[in-house]
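Got the viewer open? Here is a short walk through the model, one selection at a time.

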Amino acid sequence: MSKIGREAHLPQSPLRSEAAVLAAMLAALAVFYFVPALPVRAAGGLAFFALTLFRLDLSLTMVPLAAPFLYRLYPLGRFYFSPAEFVIICAVGAWVVRDGLTLLRTRRLPIVGEMLRQPAVWLALIFGAITTLWLLVPDAAHRQFAIREFRVTALEPLLFFLLVVRLLRTERDIWRMVGAWLVASAIVGYIGVEQFLSGNAWNMEGVARVSSVYPSATAFGIYVGRGLALGIVLAFFLPRSRHHWRVAAGLLSSVMALGVLFSFARGAWVGVFAGLVVTALIARSRPLSLALGGVALAGLAALPFINVERITSIFNLSSESNTGAARFEIWRAALKIIRDHPFLGIGQDQFLYQDAGYGVPQARLFTTSHPHNWVLDFWLRLGVPGVAWMFAALAFFFWQCLQLWRSYRGTA
């Protein structure tokens, strides 16, 4: 029997299956985070790292799956890490080992030059440089908070982005990540729906708001809203050849939509609607435009009959319970701080620690640790360079989206 013939009759290893590897990664990650016994946890962490070394590309799928569980922290010495952070750290370690061995063997890493030819990579590296330099802005007493914020919101996302650019090469890779994001959003949305139906919600402005795995309903609504917008777009625009994906996106979107609705996060409602309007305009989609028009007309027709304070308070800025009015107070305080620190800002995660004279309100259930406005937030954290970077990145993003839509319209 020839060598090929003998190999054809050999039993296939379970680890040759992507589904099996992903299931093993999920199991190892669950053991690491949920089993109380330290030796068993250590074994789970080592197993996950071994699987990451084996299939580094598949390990990246765990990041969108684990990202919602930001507040499920695991202590390692003086530091606490969320599941997504642990996945990224393992992936970076495996990346260094694998490419380090390649470098030792071949004395070259052609992938580096290929990555540096991409404008998005340079934008990411510039962001990393700005956030690193701005660690020097806060005073020494509060720099520890800036360092933690840098790790969670700048360094680790930057490393994850570079891993994505390095490893995701095929359409299958992209769909795997998209599927993981939609599934995670639907799971988090389902938890929120279950909270609402079981009465496990907190009352605010006459409604029961759910927060799912997040500490606030607004954070939950904004997270699930992003997945909802993507799911709806896929359900509308995927070609007929991806019928199963269209059905799956539609079903997952229905769960996410209920979660966003029960969060009563008005910003999430507006964000999803606005994102879909922009998509309909770019794609010139009559079905999506008609659907959005129908939703808008139904909402306007129902508005005079709605007697829910959470919705009617939008139009009453003098109401003390109106969160919109509270945000105006926060924005005023942020502008006062910017007036005193116009170029450098105050550094990452420093809003909470500013002098009381600025009038940062500390009201309701939570302390105010950010200005609730993305332009003001970038300006305060990273100064004028941060704001300039943000607008440059957004301009590149939308230009790239338009180019890709024109090139690949009608395809998956």
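Begin with a backbone oddity. Select R284, in the loop between α13 (266-283) and α14 (286-302). Keep in mind that this is a predicted model. R284 is not a glycine, yet its phi is positive, at about 55°. With 74% relative accessibility, over the 50% cut-off, R284 counts as exposed.

A second loop is worth a click. R107 sits between α6 (83-106) and α7 (110-116). Its phi is near 65°, again a positive value in a residue other than glycine. Is R107 buried or exposed? R107 counts as exposed because its relative accessibility is 68%.

Now pick another arginine, R166, in helix α9 (residues 143-167). R166 counts as buried because its relative accessibility is 19%, and the cut-off for buried is under 20%. Show what surrounds R166: leaving aside neighbours within four places in sequence, it is in contact with W95, D99, I111 and M115.

Next, the inside. In soluble globular proteins, nonpolar side chains tend to be buried together. Here the largest nonpolar core has 36 residues. To find your way into it, select M25, Y33, F48, L60, F86 and L163, the residues with the most contacts inside this core. At least two residues of the core come from each of α2 (18-34), α3 (38-54), α4 (56-59), α5 (62-66), α6, α7, α8 (119-133) and α9. Color by helix and look for α6, which supplies the largest share, 8 residues.

Stay on F86 for a moment. Which residues does F86 touch, not counting those up to four places away in sequence? They are L29, F32, Y33, G45 and F48. Then jump to a second, separate core of 27 residues; A186, L238, F262 and L276 are among its members.

Go back to helix α4 and select S59. S59 counts as buried because its relative accessibility is 0%. Draw a distance from its side chain to the backbone of L56: a polar atom of the S59 side chain lies 2.7 Å from the backbone oxygen of L56. Beyond its neighbours within four places in sequence, S59 is in contact with M25, T52, V87 and A91.

Time for some empty space. Turn on a surface and look for the second largest pocket, with a volume of about 340 Å³. Its lining has 18 residues, and L29, F34, L65, A66 and F69 are the ones nearest its centre. α2, α5 and α10 (171-197) are the elements that give two or more residues to this lining. α2 gives the most, with 5 residues. What classes of residue line this pocket? The count is 17 nonpolar, no polar and 1 charged. L29 appears here at the pocket and also in the list of residues that F86 touches.

Last stop: the closed space. The structure holds 1 cavity of 30 Å³ or more, and the largest cavity has a volume of about 40 Å³. To display its walls, select I346, G347, D349, Q350, F351, S369, H370, P371, D377, L380 and R381. By class, that lining has 4 nonpolar, 4 polar and 3 charged residues. Color the cavity lining and the pocket lining by class and put the two views side by side: 3 charged residues line the cavity, while the pocket lining has 1.

Notes. Residues are numbered from 1 along each chain as its sequence is written. This is a predicted model: local features need pLDDT of at least 70, side-chain atom pairs count only at pLDDT 80 or more; totals for chains, interfaces and linings use all residues. Side-chain values use heavy atoms; hydrogens and water are left out. Helices (H or I, at least four residues) and strands (E, at least two) are DSSP runs, numbered from the N terminus. Buried means under 20% relative accessible area, exposed over 50%, partly exposed in between (1.4 Å probe, protein chains only). Contact means heavy atoms within 4.5 Å. A nonpolar core is a set of buried Ala, Val, Leu, Ile, Met, Phe, Trp, Tyr and Cys residues joined through side-chain atoms within 4.5 Å. A polar contact is a pair of N or O atoms within 3.5 Å; within protein, one must be able to donate a hydrogen and the other to accept it, and residues adjacent in sequence count only if both atoms are side-chain atoms. On a 1 Å grid over the protein atoms alone, a cavity is a set of points where a 1.4 Å probe fits but cannot get out, and a pocket is an open set with protein on both sides within 12 Å along at least five of seven lines; lining residues have an atom within 4 Å of a point. Grid points are joined across faces, edges and corners, and a volume is the space filled by probe spheres set on the points. Ala, Val, Leu, Ile, Met, Phe, Trp, Tyr, Cys and Pro count as nonpolar, Asp, Glu, Lys and Arg as charged, and the others, Gly among them, as polar.
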